[in-house]
Amino acid sequence: MTDVTEAELRAVADAWDRAMVANHAEAIGRFMADEWEIVGPDGRIGGKVSFLDHVRSGRLTHHTMASEDVRIRVYGETAVLIARGVSAGVFDGRPFEEVERQSNVFVKREGAWLCVLTHLSRLTSD
């Protein structure tokens, strides 16, 4: 892995976090491949369209999103980014605050790193 590639992926993660806090569905979607899926801490699987629909409708909002303790492994045009994620906001009218270990798989397409999979595991303590 080059320092440049690691810096690119860190910048993508930071920009994605900012888009989430801005609750801007189109900006959030720019970091996801069309086939992006998310596995939540409860094991449920969701997709890009439904996730972004939740954001657009206001059903899901974030006021906090931070990726910490970021670890990156690059395998050619594929990368795995693991981080401690802190998020807070409102879902279906109920406030939430989560501390999770997140695993994200990125692929490089036409010069841009896009996430194809996010997996979240709730952390009960660090």
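This is a short tutorial dialogue on reading a predicted model.

Q: Let's start with the sheet. In what order do its strands sit?

A: Read a sheet from one edge to the other, not along the chain. Here six strands form an open sheet in the order S2-S1-S6-S5-S4-S3, and the pairing is mixed. S2 and S3 are the edge strands: each has a single partner strand, so one side of each has no neighbour in the sheet. On average, neighbouring strands are turned by 20 degrees against each other, direction ignored.

Q: Which way does S1 run relative to S6, parallel or antiparallel?

A: Look at the bridges for that. S1 (residues 32-39) and S6 (residues 112-122) run parallel and are joined by four bridges. One to find on screen is Val39, whose bridge partner in S6 is His119.

Q: And what joins S1 to S2?

A: Three bridges, and this time the strands run antiparallel. Glu37 has Gly47 in S2 as its bridge partner, while Ile38 stands opposite Gly46. Check the turn as well: the hairpin has five residues between the strands, and Gly43 takes a positive phi near 90 degrees.

Q: Which strands do the helices touch?

A: Take each helix in turn and ask what lies under it. H1 lies across S1, S3, S4, S5 and S6, and runs at about 170 degrees to S3. H3 also packs on the sheet, touching S1, S2, S3 and S4, with its direction at about 85 degrees to that of S1.

Q: Which residues touch the most other members of the largest nonpolar core?

A: The general idea is that, in soluble globular proteins, nonpolar side chains tend to be buried together. In this model the largest nonpolar core has 29 residues, and Trp16, Ile28, Met32, Trp36, Phe51, Leu81 and Phe106 touch the most other members. Several elements chip in with at least two residues each, among them H2, H3, S3 and S4. H1 gives the most, with seven residues.

Q: How many aromatic pairs are there, and how do I read one?

A: There are three. For each, look at the distance between ring centres and the angle between planes. Trp16 and Phe106 have ring centres 6.2 Å apart and planes at 80 degrees; that angle is over 60, so the pair is edge-to-face. Trp16 is in helix H1 and Phe106 in strand S5, so this pair ties together parts 90 residues apart in sequence. Both Trp16 and Phe106 are buried.

The rings of Trp36 and Phe51 are edge-to-face too, with centres 5.4 Å apart and planes at 75 degrees. This pair ties strand S1, where Trp36 lies, to helix H3, where Phe51 lies, across 15 residues of sequence. Trp36 counts as buried at 3% relative accessibility, and Phe51 does at 14%.

Q: Which residues do ring pairs link into a cluster?

A: Trp16, Phe31 and Phe106. Now widen the view around Phe106: beyond its close sequence neighbours, its contacts include Leu9, Val12, Leu81 and Trp113.

Q: One last residue: is Asn104 buried or exposed?

A: Don't guess from residue type; check the accessibility. Asn104, in strand S5, has 3% relative accessibility, and the cut-off for buried is under 20%, so Asn104 counts as buried. Next, look for a polar partner: the Asn104 side chain makes a polar contact of 2.7 Å with the side chain of Thr118. Leaving out residues up to four places away in sequence, Asn104 also touches Trp16, Ala79 and Cys115, among others.

Terms used: Residues are numbered from 1 along each chain as its sequence is written. This is a predicted model: local features need pLDDT of at least 70, side-chain atom pairs count only at pLDDT 80 or more; totals for chains, interfaces and linings use all residues. Side-chain values use heavy atoms; hydrogens and water are left out. Buried means under 20% relative accessible area, exposed over 50%, partly exposed in between (1.4 Å probe, protein chains only). Contact means heavy atoms within 4.5 Å. A polar contact is a pair of N or O atoms within 3.5 Å; within protein, one must be able to donate a hydrogen and the other to accept it, and residues adjacent in sequence count only if both atoms are side-chain atoms. Two strands pair if DSSP finds at least two bridges between them. A nonpolar core is a set of buried Ala, Val, Leu, Ile, Met, Phe, Trp, Tyr and Cys residues joined through side-chain atoms within 4.5 Å. Axes are lines fitted to C-alpha atoms, for helices over the stretch in contact, and angles run from 0 to 180 degrees between N-to-C directions. Rings of Phe, Tyr and Trp (its six-membered ring) pair if their centres lie within 6.5 Å; planes under 30 degrees apart count as stacked, over 60 as edge-to-face and the rest as tilted.
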